Amino acid sequence: MPTLTGKTALVTGSTSGIGLAMAVALARQGANIMMNGFGEKDVAIASVKACGVDVDYHGADMSKPAEIEAMIAATERRFGAIDILINNAGIQYVANVEDFPEDRWDAVIAINLSSAFHTTRFALPGMKQRNWGRIINIASVHGLVASMQKAAYVAAKHGIIGLTKVVALETARTGVTCNAICPGWVLTPLVQKQVDARAEREGISNDAAKLALVSEKQPSGEFVSPEQLAALAVFLCGNDASEVRGAAWNMDGGWTAQ
Ligand code: NAD
């Protein structure tokens with residue numbers, strides 16, 4: 001039985017990877033979906049529409065607050081409400097801190113952190129008014145621990161966990177919850193770029209680079225799948241999770257247990 005029929009979910013960065021898997025999983029539970037992101041949008045939209053729900057797309061650039069505000073307004077106009085907000089859009093840039101380009105720092109902070117502040121502040125009034133809402137921030141193990149050469153990403157992901165806790169406290173007496181999911185390595189386009197870079201740098205095959213990357217941090221030696229993360233998001237949207245508030249829930253093959 002679908003559990004989210006009649007609800008609307010906005011999933012940022014849902015044209016590929018984890019965001020797309022979340023959009024599909026929520027649609028399978030009956031939620032209408034507003035999609036967003038810069039990837040192959042027609043293919044992504046078609047795979048969500050195949051679940052038999054209403055789907056639309058907004059091309060807001062998540063580094064631009066005015067475009068984010070327009071997307072929230074457009075979603076509320078189109079579907080009547082935003083019940084579920086998945087802050088998922090994200091980028092990565094890898095460099096030592098003294099070499100980190102200023103514009104890349106600004107972009108990572110804007111897309112991976114500030115965008116969630118803007119979507120939340122614009123969507124929350126409607127959720128509070130209806131006394132129901134789910135805000136899920138896709139953080140990372142890098143919101144809990146650090147790795148070298150990822151200064152902006154680690155700062156943004158630690159920041160979004162802080163934002164999650166504040167929003168959870170400010171909504172604690174309402175039917176709105178706010179939580180973060182902290183994935184370990186997931187083989188998506190964002191990580192494939194790091195696999196490609198490693199294969200080239202070390203002169204090894206793509207498969208060897210994948211194994212080296214995942215084994216270095218994840219005791220399980222296995223990637224987490226987008227579908228596993230999406231199942232956790234569906235759980236957080238359900239009634240059984242109504243008292244999960246302010247959590248930073250890792251799914252990381254044991255990465256942060258070490
Ligand atoms: P991905 O590259 O497949 O997806 C990122 C999405 O964000 C895409 O749809 C992309 O178009 C969109 N996007 C990028 N910049 C944007 C912008 N300015 N405006 C709007 N959309 C934009 O990567 P993914 O791995 O699925 O990443 C999704 C989230 O999961 C990110 O926040 C990432 O940090 C997080 N995450 C990923 C991993 C992993 O191993 N892949 C691990 C932990 C956390």
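## Two domains and a bent helix

Across the interface of domain 1 and domain 2, five residue pairs are in polar contact, both residues at pLDDT 80 or more. A polar contact is a pair of N or O atoms within 3.5 Å; within protein, one must be able to donate a hydrogen and the other to accept it, and residues adjacent in sequence count only if both atoms are side-chain atoms. The model is predicted, so local features need pLDDT of at least 70 and side-chain atom pairs count only at pLDDT 80 or more, while totals for chains, interfaces and linings use all residues. Residues are numbered from 1 along each chain as its sequence is written, and side-chain values use heavy atoms, with hydrogens and water left out.

The domain bounds come from an automatic or database domain assignment. Contact means heavy atoms within 4.5 Å.

| Domain | Residues | Residues in the contact |
|---|---|---|
| domain 1 | 8–185 + 225–257 | 17 residues |
| domain 2 | 187–223 | 13 residues |

The centres of the two domains, taken over C-alpha atoms, are 24 Å apart. Between domain 1 and domain 2 about 1,100 Å² is buried, and carbon and sulfur atoms give 63% of this area. Buried area is the accessible area (1.4 Å probe) that two parts lose on being put together, summed over both. Of the area that domain 1 buries against domain 2, Trp185, Gly253 and Trp255 supply 56%, more than any other three residues.

A salt bridge is a side-chain nitrogen of Lys or Arg within 4 Å of a carboxyl oxygen of Asp or Glu. The whole structure has eleven salt bridges, but zero are found across the interface of domain 1 and domain 2. One salt bridge joins the side chains of arginine 78 and aspartate 54 (3.4 Å, N to O). Arginine 78 lies in helix α3 (residues 65–79) and aspartate 54 in the loop between α2 (41–49) and β3 (55–57), so the pair ties together parts that are 24 residues apart in sequence. Helices (H or I, at least four residues) and strands (E, at least two) are DSSP runs, numbered from the N terminus.
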